[in-house]
Amino acid sequence: MSSVNTEIKADIDANGPQENQGGHNHSMGGRGGGRGGGRQRFGGPGGRQRDDMRGGMRQDVKAENNVEGEDADGQGGVGRGAAGSGRGRGNRFRGGAGAREDWGMRNQDDRLNERLAGLSAPTHDLPPQDTREKKFTGRCRLYIGNLTGDVTEDEITQLFQPYGETAELFVNKEKNFAFIRLDYRANAEKAKRELDGQMRKGRALKVRFAPHSAAVKVKNLTPWVSNELLEKAFSVFGEIERAVIIVDERGKSMGEGIIEFARKPGAQMALRRCTEGCFFLTASLRPVVLEPFEQLDDIDGYAEKSLPKKNPEYYKAREVGPRFASPGSFEYEYGTRWKQLYELYKQKEEALEREMKMEEEKLEAQMEYARYEHETEILREQLRQRELDRERQKREWEMKERQAEEQRLADEERMRRQQEEMQLRMHHQEEEMRRRQQENTLFMQAHQLSSLLDQQEQALRQTPAGYDSPVADPVIRDYDAVGGAGPGSIPPILITAGVT
């Protein structure tokens with residue numbers, strides 16, 4: 001589709017650069033700058049476009065789905081919008097735009113890492129892809145060129161209404177082109193086939209498929225990557241409309257694939273992350289390589305009406321028709337040289353392919369050897385870690401045993417001390433009890449003797465005769481017997497009791 005892209009870009013650039021296409025990257029302030037730059041009072045050409053200044057869906061649609069030429073203009077519009085952001089409502093995006101962009105990028109990376117964490121599991125037996133055609137994909141977007149300045153959105157919508165549902169219409173009246181999205185690919189092909197070349201106000205319409213601005217090409221894939229794995233892996237960057245592996249005529253993978261995102265930011269994030277880092281899809285250490293997808297047109301080709309016939313080279317080249325050169329002629333000699341140059345190119349290309357194949361095999365061997373060494377080192381490290389853990393556990397067990405032994409000895413010593421203290425207390429208590437029993441005994445004897453003395457004195461008062469007379473009280477005689485002395489003597493125990 002390179003010729004078609006060139007033609008679309010030429011149609012877009014035919015009227016010179018456009019000042020206000022600030023809708024390409026509204027997240028960077030271009031949308032606000034475009035609005036400010038489009039004011040009539042500043043005399044900018046954007047002020048003449050009521051449709052282009054309509055905020056909302058059409059500007060966002062253009063931001064996500066513009067073609068190469070439109071991207072270039074949109075990027076220019078972003079720069080001009082940012083420079084003129086002080087003029088209109090875009091001025092509030094002027095200060096701190098870089099900080100906000102970095103903050104948004106960090107948030108995107110954080111969300112991406114969270115989604116990637118869910119893909120670390122094995123990818124055996126993935127469910128089949130949903131092959132049902134989606135509506136309003138990037139493959140159903142058409143470019144309409146060679147319009148006039150009085151074209152309206154309603155007219156474009158009515159023109160494509162017989163071919164199905166339409167959405168996301170964008171009209172550029174200054175450059176005389178438009179973009180529209182149809183519901184299904186078949187309807188878009190039918191509309192292109194029937195409307196291309198149709199006359200409108202003296203001009204032949206140019207209807208082409210717009211390049212998919214959110215498509216990327218994936219290279220350096222292993223033979224074990226399927227459509228399902230490719231879609232699952234890259235779905236972390238955004239919604240995917242189509243993911244397919246390119247195969248040869250025998251159905252063998254060519255190591256390349258095409259991914260069509262629903263939105264351009266998803267494709268840009270995938271390109272950025274895969275360029276800055278290494279994204280692996282399988283256990284192999286071959287990272288995927290992403291490139292913007294350059295769509296080629298092998299259906300319409302390069303028609304005669306597309307040739308620039310006003311160019312003098314056209315007439316010079318068409319002066320002579322197809323022919324075979326006569327051997328030995330001037331034409332034959334230089335034709336042979338061209339063929340030799342082409343053969344040399346093929347030989348060098350084949351040699352380069354062989355060399356690259358050898359380098360790939362060499363890198364594969366080095367990778368396998370490095371993987372083996374890496375895994376061996378990991379096992380060694382794990383073994384060393386286990387030995388260290390075992391030594392640490394052994395030291396912990398020995399320490400625990402030593403602590404338990406020390407605790408046991410301390411407990412035994414404490415029990416021994418407690419037993420000794422208890423024995424001492426018991427001995428002291430026994431001594432105290434014996435002392436108290438002796439005191440009690442002595443006290444009772446002293447009390448008995450005191451009672452006897454009282455009775456004796458009482459008997460002496462009542463009896464005038466001596467206590468040794470026959471009529472003396474027998475109690476007195478008992479006292480004399482107890483004292484062990486003669487009549488009238490005081491027993492030693494009484495004296496001791498009296499002293500006590």
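Trainee: Which residues form the nonpolar patch on the surface, and what accessible area do they have together?
Mentor: This is a predicted model, by the way. The patch is made of F330, Y334, W338, L341 and L344, and together they have about 590 Å² of accessible area.

Trainee: What makes L344 count as partly exposed?
Mentor: Its relative accessibility is 37%. Partly exposed covers the range between under 20% and over 50%, so 37% puts L344 in that class. A patch member needs over 30%, so L344 at 37% clears that bar too. As for where it sits, L344 is part of helix α11, residues 330–462.

Trainee: Which residues of helix α7 are buried?
Mentor: In α7, which runs over residues 185–195, the buried ones are R185, A188, A191, K192 and L195.

Trainee: How do you know which side of α7 they are on?
Mentor: They span an arc of only 125° around the axis, which puts them on the same side of α7. The general rule fits in here: an α-helix has 3.6 residues a turn, so residues three or four places apart point the same way.

Trainee: What covers the buried residues of α7?
Mentor: The cover includes β1 (141–145), α6 (153–160), β3 (177–182) and β6 (206–209). After α7 comes G197, with a positive phi near 90°.

Trainee: Which residue in the loop between α5 and β1 has a positive phi of about 55° although it is not a glycine?
Mentor: D125 is one of them, and it lies in the loop between α5 (97–117) and β1. Another is F136, whose phi is near 55° and which lies in the loop between α5 and β1 as well. They're worth a look since most residues other than glycine have a negative phi.

Trainee: Why is D125 called what it is, buried or exposed?
Mentor: Exposed: its relative accessible area is 77%, and the class starts at over 50%. F136 has 23%. That value is not under 20% and not over 50%, so F136 is called partly exposed.

Trainee: What makes β7 and β9 a pair, and in which sense do they run?
Mentor: Two strands need at least two bridges to count as a pair. β7 (residues 215–219) and β9 (residues 253–261) have four, in the antiparallel sense, so they qualify. One of the links is A215 with its bridge partner E260 in β9.

Trainee: How many bridges join β8 and β9?
Mentor: Seven, again antiparallel, with β8 covering residues 240–247. Among them, I246 has E256 as its bridge partner in β9, and I245 has G257. The hairpin of β8 and β9 leaves five residues between the strands, and there G251 takes a positive phi near 80°.

Trainee: How do you know that D150 and R200 form a salt bridge?
Mentor: Their closest N and O atoms are 3.8 Å apart. The cut-off is 4 Å, so the pair counts. This salt bridge links distant parts of the chain: D150 is in the loop between β1 and α6, while R200 is in strand β4 (residues 199–200), 50 residues apart.

Trainee: Which class does R200 fall in, buried or exposed?
Mentor: R200 has a relative accessible area of 11%, so it is buried, the limit being under 20%. D150, at 42%, is partly exposed.

Trainee: What about R272 and E276, what meets there?
Mentor: Their side chains meet in a salt bridge at 3.7 Å, N to O. Both are in helix α9 (residues 264–276), four residues apart, about one turn of the helix. E276 has a relative accessible area of 60%, over the 50% mark, so it is exposed.

Trainee: What is the distance between the closest N and O atoms of K309 and E304?
Mentor: It comes to 3.9 Å, and with a limit of 4 Å this is a salt bridge. K309 at 36% and E304 at 35% are both partly exposed. Elsewhere, D150, E155, R200 and K201 are joined into one network by salt bridges that share partners.

Trainee: How many salt bridges does a search of the whole structure find?
Mentor: It finds 36.

Note on methods
Residues numbered from 1 in each chain as written. Predicted model: local features only at pLDDT ≥ 70, side-chain atom pairs only at ≥ 80, totals over all residues. Heavy atoms only, no water. Buried < 20%, exposed > 50% of the residue type's maximum accessible area, 1.4 Å probe, protein only. Helix = DSSP H or I, 4+ residues; strand = E, 2+ residues; numbered from the N terminus. Arc of directions from axis to C-beta. Contact = heavy atoms within 4.5 Å. Patch = residues over 30% accessible without salt bridge, like charges linked within 9 Å, V, L, I, M, F, W, Y side chains within 5 Å. Areas by Shrake-Rupley, 256 points an atom, 1.4 Å probe, with all protein chains shown as cover.
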